[in-house]
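Grab the coordinates and work through a few short exercises. Try each task before you read its solution.

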Amino acid sequence: MPIQVLKPKFHVDECLAAIRECLEKGWTGMGFKTVQFEDAWKQYTGHANAYYLNSNTVGLHLAVKILKMKNGWKDGDEIISTPITFVSTNHAIMYENMKVCFADVDEYLCLDPNDVERKINSKTRAVMFVGYGGRVGQLERIIEICKRHGLKLILDAAHMSGTRVNGVFPGTWEGVDVAVYSFQAVKNLPTGDSGMICWSDEESDKITRQMAWMGINKDTYARSNKGTYAWKYDVDYLGYKYNGNAIMAAIGLVQLQYLDEENSRRREIAKMYIDGFKNNDKIKIVTANYFYECSFHLFEMIVPDREALLDYLSKKGINCGVHYRDNTEYSMYQYANGTCPKAHEISQNLITMPLHMWLTDDEVKLIIKEVNAFLN
Ligand SMILES: Cc1ncc(COP(=O)(O)O)c(C=O)c1O
């Protein structure tokens with residue numbers, strides 16, 4: 001079997017037991033385990049609010065939608081975002097007929113505060129910050145800029161499950177309006193597909209609960225718990241079917257117990273790569289600030305002749321990846337091509353190294369040896 005770049009590790013027996021509980025209870029939809037998972041997530045992260053969704057993508061959409069609705073933003077208004085991300089981040093802005101204004105990235109491959117400030121104009125309403133690979137980057141400076149310019153701040157925390165700064169989850173920092181996590185199949189906390197949206201304010205959390213459940217003002221679980229099944233509800237919004245379900249939450253609750261332990265193994269592997277490549281001047285490692293509290297969803301390097309290296313490693317049974325292609329190269333974001341030169345250049349040479357729970361130390365050593373042999 002080749003070495004995979006990303007591979008989830010499920011605690012199978014415990015997950016199956018938790019799923020069995022759902023099946024025996026006869027409750028696999030929203031409620032029961034989803035409520036338990038929201039409570040566990042709040043407890044773990046310190047977020048005041050948490051609502052369980054079927055993905056991070058839908059959470060980012062709701063974040064933009066609800067902020068637009070509450071603040072009276074118009075179609076064509078702009079949100080500043082990064083070109084180095086999975087397209088969900090930027091599609092979420094487009095779903096609401098707003099425009100993505102791309103700003104360049106810094107050495108952490110997160111938004112560069114200087115370029116963000118340069119890109120602010122009279123139509124700018126918010127900044128969408130991606131904690132790339134679990135990194136915090138210069139989020140503190142972005143918060144300060146948002147405050148100074150009266151902008152909202154959305155944190156795409158898809159990679160940040162477990163990332164802390166001095167024990168605190170950056171998504172809970174004052175000034176972050178909403179943080180959205182991903183529990184997609186290969187994330188640090190894998191389920192099948194799901195996510196969590198965590199608003200700083202209760203009112204937006206309340207709207208989200210309705211908006212993610214077709215606009216209905218009472219959820220089925222809450223109604224069923226009333227003793228008599230109260231069938232009567234109102235529909236206030238044109239909502240969506242974005243809620244998470246108990247089966248995924250059951251897996252999430254089990255996986256959450258192992259998240260910190262697994263993230264520390266990720267850092268061990270990251271440290272092995274850093275030590276293994278430190279004398280190779282052809283390799284530039286994408287750094288992580290707050291290293292010992294970073295979730296390290298991705299380990300990234302900038303290398304010359306990337307395609308040839310990918311090809312060489314694949315022939316040796318080592319599959320690496322690329323996260324991500326500069327989004328302004330995609331047809332639909334072409335309008336911004338050339339606006340983020342650093343992201344554009346880095347994206348040609350970026351390589352994602354294998355990093356997951358199944359990797360043995362010997363495999364990491366072999367990967368290091370092969371990379372150094374090729375880039376000598
Ligand atoms: C940075 C980033 N944002 C958003 C997403 C979307 O997450 P999900 O698959 O849970 O919708 C992903 C995941 O693939 C991602 O990597």
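A residue counts as buried when its relative accessible area is under 20%, as exposed when that value is over 50%, and as partly exposed in between. Keep in mind that this is a predicted model.

**Exercise 1. Which residues of helix α7 are buried, and what do they pack against?**

Start with the helix itself, residues 202-211. Apply the cut-off, and you get S204, D205, I207, T208, Q210 and M211 as buried. Next, look for their partners: these buried residues pack against β1 (51-53), α3 (56-71) and β7 (195-199).

**Exercise 2. Find the salt bridge between R209 and D205, then classify both residues.**

First, check the distance: the two side chains meet at 2.8 Å, N to O. Second, look at the spacing. R209 and D205 are four residues apart in α7, so about one helical turn separates them. In general, an α-helix has 3.6 residues a turn, so residues three or four places apart point the same way. Third, classify: D205 is buried because its relative accessible area is 7%, while R209, at 30%, is partly exposed. Finally, follow the network, which links E38 with D205 and R209 through salt bridges.

**Exercise 3. Set the pair E21 and K33 beside the pair K42 and D39: where does each residue lie?**

The whole structure has 22 salt bridges, and E21 with K33 makes one, with the closest N and O atoms 2.9 Å apart. This pair links distant parts of the chain, since E21 sits in α1 (residues 12-25) and K33 in α2 (residues 33-45), twelve residues apart. K33 is buried at 6%, whereas E21 is partly exposed at 40%.

Now for K42 and D39, whose closest N and O atoms are 3.9 Å apart. Both lie in α2, three residues apart, or about one turn of the helix. Both land in the middle class: K42 has 27% relative accessible area and D39 has 43%.

**Exercise 4. Is N289 buried or exposed, and what does N289 touch?**

Locate N289 in the loop between β8 (284-285) and β9 (299-302). Its relative accessibility is 16%, so N289 counts as buried. Leaving out residues up to four places away in sequence, N289 touches Y108, V136 and G137. For G137 there's a polar detail too: its backbone oxygen lies 2.8 Å from a polar atom of the N289 side chain.

Terms used: Residues numbered from 1 in each chain as written. Predicted model: local features only at pLDDT ≥ 70, side-chain atom pairs only at ≥ 80, totals over all residues. Heavy atoms only, no water. Helix = DSSP H or I, 4+ residues; strand = E, 2+ residues; numbered from the N terminus. Buried < 20%, exposed > 50% of the residue type's maximum accessible area, 1.4 Å probe, protein only. Polar contact = N/O pair within 3.5 Å; in protein donor to acceptor, adjacent residues only side chain to side chain. Contact = heavy atoms within 4.5 Å. Salt bridge = Lys/Arg side-chain N within 4 Å of Asp/Glu carboxyl O.
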